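I set out to look up one residue and the helix that holds it. My entries follow in the order in which I made them.

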Amino acid sequence: MVRNSPPVNRRYLFLALCAMGVIWFASGRPGDDIPLPGGWDKPAHFLGYAVLGFLLARALGETRPRWFLAWCLAVGYGLLDEYHQSFVVGRYPSAVDILMDAAGAATGVLAGLSTRARAGLFRGGEQVRPETGAAPGYQSKERSYPATAIERRVVMERENVITMKGSALTLVGPEIRPGDKA
């Protein structure tokens, strides 16, 4: 069975690409031409990659592999940026800069995920069903739902009840009834 993953948010992806452009432009300036006060180099790396990690996390979605992918993309871009700096007059690559980039990206990814949670996908620490706003594990007159979204999806995929196309959910098979085994 081929699993369809949620689509990429193009708006956040565009903003992430813009942030990458700003980082590339800033790192391409000669060492004497950087308008940062003394001691602000490392915080600038941290903040720049925190913004990039945030935007990539929001662009790629909410599954764990995508969180890790967002972080890896930001850190990979940080490595590429440090390599790019080795060709700029007055600039040099630094392992500490890469560590600040990685820490900033991790902070940004976590911030992106927490804002997603606060945006209404979670209520009181429990995931909410978007179509009804009901808490997990509830029973309706028609059917009973397992406690988590992952359990529901596994049961429904096993019973060939749903298929995912883009962001649309389509019922395609028999319904799950309260007495059915999961």
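Entry 1. I note that this is a predicted model. I began with the contacts of Asp-81. Leaving aside its neighbours within four places in sequence, I found Asp-81 in contact with Ile-23, Ser-27 and Tyr-49.

Entry 2. I then looked at the side chains. That of Asp-81 forms a polar contact with the side chain of Ser-27, at 2.4 Å.

Entry 3. I asked whether Asp-81 is buried or exposed. Its relative accessible area is 2%, and because buried means under 20%, I recorded Asp-81 as buried.

Entry 4. I checked a pair of residues distant in sequence. Asp-81 and Trp-24 lie 57 residues apart along the chain, and 6.7 Å separates their C-alpha atoms.

Entry 5. I located Asp-81 in helix H3 and turned to the packing of this helix. How do H2 and H3 cross? The axes of H2 (residues 41-60) and H3 (residues 64-85) come within 9 Å and cross at roughly 140 degrees. I therefore recorded H2 as oblique to H3. The crossing of the two helices is right-handed.

Entry 6. I listed who makes this contact. H2 contributes His-45, Tyr-49, Leu-52, Leu-56, Ala-57 and Leu-60. The residues from H3 include Leu-69, Leu-73, Tyr-77 and Asp-81. By class, I noted 10 nonpolar, three polar and three charged residues in the contact of H2 with H3.

Entry 7. I closed by linking the entries: Tyr-49, a contact of Asp-81, is also one of the H2 residues that meet H3.

How values were computed
Residues are numbered from 1 along each chain as its sequence is written. This is a predicted model: local features need pLDDT of at least 70, side-chain atom pairs count only at pLDDT 80 or more; totals for chains, interfaces and linings use all residues. Side-chain values use heavy atoms; hydrogens and water are left out. Axes are lines fitted to C-alpha atoms, for helices over the stretch in contact, and angles run from 0 to 180 degrees between N-to-C directions. Helices (H or I, at least four residues) and strands (E, at least two) are DSSP runs, numbered from the N terminus. Angles under 35 degrees count as roughly parallel, over 145 as roughly antiparallel, 65 to 115 as roughly perpendicular and the rest as oblique. A crossing is left-handed if the near helix is turned anticlockwise from the far one by less than a right angle, and right-handed if clockwise. Contact means heavy atoms within 4.5 Å. Ala, Val, Leu, Ile, Met, Phe, Trp, Tyr, Cys and Pro count as nonpolar, Asp, Glu, Lys and Arg as charged, and the others, Gly among them, as polar. Buried means under 20% relative accessible area, exposed over 50%, partly exposed in between (1.4 Å probe, protein chains only). A polar contact is a pair of N or O atoms within 3.5 Å; within protein, one must be able to donate a hydrogen and the other to accept it, and residues adjacent in sequence count only if both atoms are side-chain atoms.
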